[in-house]
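Visitor: I am in my first year and would like to look closely at one part of this structure, slowly and with the terms explained. Could you take me through a single helix and whatever it meets?

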Amino acid sequence: QVAREAEAATAFEARVQQTIEAGAKDRETAIRWLFDAENDPYVLFDPDYYCSLHGLPYGYFKKAA
């Protein structure tokens, strides 16, 4: 599980970087855009829900903040 979560985090960070390269001004904006792209309002209220959808470790966004 730890290895899968690390792999998911690496993939997520690559998506963040791609989103910044596509026009997001910073990491915070890129993450907001990725959350918005889910088309699921619950993601906006509970970032850990996004974690569960994408295999990221619980609390990932609290640690990354």
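Guide: What follows begins with the whole chain, then turns to its first helix and to the aromatic rings that this helix takes part in.

This is a predicted model, in which local features need pLDDT of at least 70 and side-chain atom pairs count only at pLDDT 80 or more, while totals for chains, interfaces and linings use all residues. Residues are numbered from 1 along each chain as its sequence is written, and side-chain values use heavy atoms, with hydrogens and water left out.

The secondary structure of the chain comes to 5 helices and 0 strands, where helices (H or I, at least four residues) and strands (E, at least two) are DSSP runs numbered from the N terminus. The radius of gyration, taken over C-alpha atoms, is 11 Å, close to the 11 Å that the globule rule (2.2 Å times the number of residues to the power 0.38) gives for 65 residues, so the chain is as compact as a globular protein of that length. Along the principal axes, the C-alpha atoms fill a box of roughly 35 × 25 × 20 Å. Of the 65 residues, 32% count as buried, a word that means under 20% relative accessible area, with exposed meaning over 50% and partly exposed lying in between (1.4 Å probe, protein chains only).

Now to the helix itself. Helix α1 covers residues 2–21, and its 20 residues should span 28 Å at 1.5 Å a residue; the C-alpha atoms at its ends are 29 Å apart, which agrees. The expected span is 1.5 Å times one less than the number of residues. In α1, the buried residues are Glu-5, Ala-8, Ala-9, Phe-12, Val-16 and Thr-19. They cover an arc of only 105° around the axis, which puts them on the same side of α1; the arc is that of the directions from the helix axis to the C-beta atoms. An α-helix has 3.6 residues a turn, so residues three or four places apart point the same way. On the other side of α1, Ala-3, Glu-7, Thr-10, Gln-18 and Glu-21 are exposed. After α1 comes Gly-23, whose phi is positive, near 135°.

One buried residue of this helix leads on to the aromatic rings. Rings of Phe, Tyr and Trp (its six-membered ring) pair if their centres lie within 6.5 Å, and planes under 30 degrees apart count as stacked, over 60 as edge-to-face and the rest as tilted. By this rule the count comes to 8 aromatic pairs. In one of them, the rings of Phe-12 and Phe-61 have their centres 5.4 Å apart and their planes at 80°, so the pair is edge-to-face. Phe-12 lies in helix α1 and Phe-61 in helix α5 (residues 60–64), so the pair ties together parts that are 49 residues apart in sequence. Phe-12 is buried with a relative accessible area of 0%, and Phe-61, at 14%, counts as buried too.

Phe-61 also pairs with Phe-35: the ring centres are 5.1 Å apart and the planes are at 90°, so this pair is edge-to-face. It links distant parts of the chain, since Phe-35 lies in helix α2 (residues 27–37) and Phe-61 in helix α5, 26 residues apart. Phe-35 counts as buried, at 10% relative accessibility. Ring pairs link Phe-12, Phe-35, Tyr-50, Tyr-60 and Phe-61 into a cluster.
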